[in-house]
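Here are some friendly notes to read alongside the model. Keep the 3D view open and find each element as it comes up.

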Amino acid sequence: MSGFATGSLQLTRDLNRAAVLRLIASSGPIARSAIARRLGLSPATVTSLTRELSEQGLLRVAERAPSRGGRPALLLEIVGAAATAFGVKVAPDRLVGVRINLDADVLERFEEPFDTAAPDAPGRIATTLARWLEASKERAPLLGVGLGVPGIANRDGVVNAPMLGWKRLDLAGLVSKEIGLPVLVDNDVNTLAIAERLYGRGRDADDFVTVTLGPGIGLGIVAGGDIHRGYGGGAGEFGHVNVVEDGAACRCGLRGCLETVAADRALVARARRERVIANRSGIERLRQVAETDDRAKAIFADAGAVLGRAVAGIVNVLSPQLVLVSGEGVQAWTYLGEAFEEALRRHVFPPLAGVGVEVDPWDDAKWAVGAAALVLRSTFTAPLDQNPPESSIRARFPRQAEALA
């Protein structure tokens, strides 16, 4: 058999193995017959793959399905304790870290204030993480670390983040050198979308988007069942779509970006100009005032309308099954939501008007779980290329190195 044919067969097997593992992780406990039916694979293929995954310590028999007269079926499930991953959300003013297992159970949580604008901030992220790892009480195998940052990260972990003042920063290399573990870095909204795809409301949706509101406005795109990063990792810079011609200056260097109208800083600036809140007050105060002040309600409603129109454009281009709305900004959804929904429905192409919108309660830990899921995704996704960090993560399974190398 030619090398090409051998490689093609191995690729097919890798894809099938990843699909089986991902299905069991999201839908288990599940019988082999159901796996074969849902994935369109032969029973023999499923038996071979699940036996291999069981030998690697990733699967186990959970319980027997009720018998209907014949031999009861064995149900398979992920061994959550087989491995763990650490995830960190890097925000402008804080770091939030979690350690999770393969079932996405949060085993430990860490958090502390942090100034990402400080000159030594990247190095301090590494030392802070090293300290957290040393303090960790969990002793299950650690595959690696995922970092979610508000910016663009290429596949090598080099970051450009205007919100943090970082340009061409090799964050993955810096942190990995300090802690001695594989490190994956991605846009924080992408990591959140990955978590939704693996463990959340996106488990049954191959095509959905996650829109985040807060200090910035982000977009995570899941297309065909996997995250879409675009060339160089730049997909999802939704906050820098132009919505006002010659509008206010944005910190990215452009003018009239969506963030200059609907991000927290823009809402606060308008509220101060209109004397709805004092000059030293922030977004928390604006939310409080909105409970009784129609002017504050109008500020949120105007932002909601702009957001709804912008999201309608995303729906018209991508035709997602679902729109998930998340981030700190959803704490004001009471004042944003009605205008958002009205504008969205008014501007969506009529055949796509049935798209669902779900709002996710804000929780920093979920973003950190998303960063950890970036690591676990290396286990649940076939190795289609030789990305060294992801290959290093797969190799950290003691019995998995040969099968997933």
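1. **A small group of strands to begin with.** Strands β8, β9 and β10 form an open sheet in that order, with antiparallel pairing. At its edges stand β8 (152-153) and β10 (166-170), each with a single partner strand, so one side of each is left without a neighbour in the sheet. Here, helices (H or I, at least four residues) and strands (E, at least two) are DSSP runs, numbered from the N terminus. Two strands count as paired if DSSP finds at least two bridges between them. As background, strands of a sheet pair through backbone hydrogen bonds, either parallel or antiparallel.

2. **What you are looking at.** This is a predicted model, in which local features need pLDDT of at least 70 and side-chain atom pairs count only at pLDDT 80 or more, while totals for chains, interfaces and linings use all residues. Residues are numbered from 1 along each chain as its sequence is written, and side-chain values use heavy atoms, with hydrogens and water left out.

3. **Back to that sheet.** Strand β9 (residues 158-161) is joined to β10 by 3 bridges in the antiparallel sense. To see the pairing, look for Val-158, which stands opposite Asp-170 in β10. Helix α5 (residues 171-179) lies across β9 and β10, and runs at about 45° to β10. Such angles run from 0 to 180 degrees between N-to-C directions, using axes that are lines fitted to C-alpha atoms, for helices over the stretch in contact. Contact means heavy atoms within 4.5 Å.

4. **The chain overall.** There are 14 helices and 16 strands in the chain. Of its 405 residues, 54% count as buried; buried means under 20% relative accessible area, exposed over 50%, and partly exposed in between (1.4 Å probe, protein chains only). Among contacts between residues at least 6 apart in sequence, 60% join residues at least 24 apart.

5. **A covered strand.** How many residues of strand β7 (residues 142-149) are buried? The count is 8 of 8, so to speak a full house. Strand β4 (residues 84-91) pairs with β7 in the parallel sense over 5 bridges, and Val-88 stands opposite Leu-147 in β7. Strand β11 (residues 183-187) also runs parallel to β7, joined by 5 bridges. There, Val-149 has Asn-187 of β11 as its bridge partner.

6. **A mixed sheet.** Another open sheet has 5 strands in the order β14-β13-β12-β15-β16, and its pairing is mixed. Its edge strands, β14 (226-227) and β16 (356-359), each pair on one side only. Strand β13 (residues 218-223) and β14 run antiparallel, joined by 2 bridges, and Val-222 stands opposite Ile-227 in β14. Helix α10 (residues 294-318) lies across β12 (208-212), β13 and β15 (322-326), running at about 160° to β12.

7. **One residue in that sheet.** Thr-210 lies in strand β12. With a relative accessibility of 1%, Thr-210 counts as buried. Leaving out residues up to four places away in sequence, Thr-210 touches Val-189, Leu-192, Ala-193, Gly-218, Leu-219, Gly-220 and Leu-324.

8. **Aromatic rings.** The whole structure has 4 aromatic pairs. Rings of Phe, Tyr and Trp (its six-membered ring) pair if their centres lie within 6.5 Å; planes under 30 degrees apart count as stacked, over 60 as edge-to-face and the rest as tilted. The rings of Phe-110 and Trp-132 are stacked, because their centres are 5.5 Å apart and their planes are at 20°. This pair links distant parts of the chain, with Phe-110 in strand β6 (residues 106-113) and Trp-132 in helix α4 (residues 121-135), 22 residues apart. Phe-110 is buried at 15% relative accessibility, and Trp-132 is buried at 4%. Together with Phe-86, Phe-110 and Trp-132 form one aromatic cluster.

9. **Cysteines.** Why does Cys-250 form no bond with Cys-252? Their sulfurs are 3.7 Å apart, which is too far for a bond, and Cys-252 holds the closest cysteine sulfur to that of Cys-250. Cys-257 is in no disulfide either, as the nearest cysteine sulfur, that of Cys-252, is 3.8 Å away. A disulfide is a pair of cysteine sulfur atoms within 2.5 Å, and a search of the whole structure finds 0 of them.
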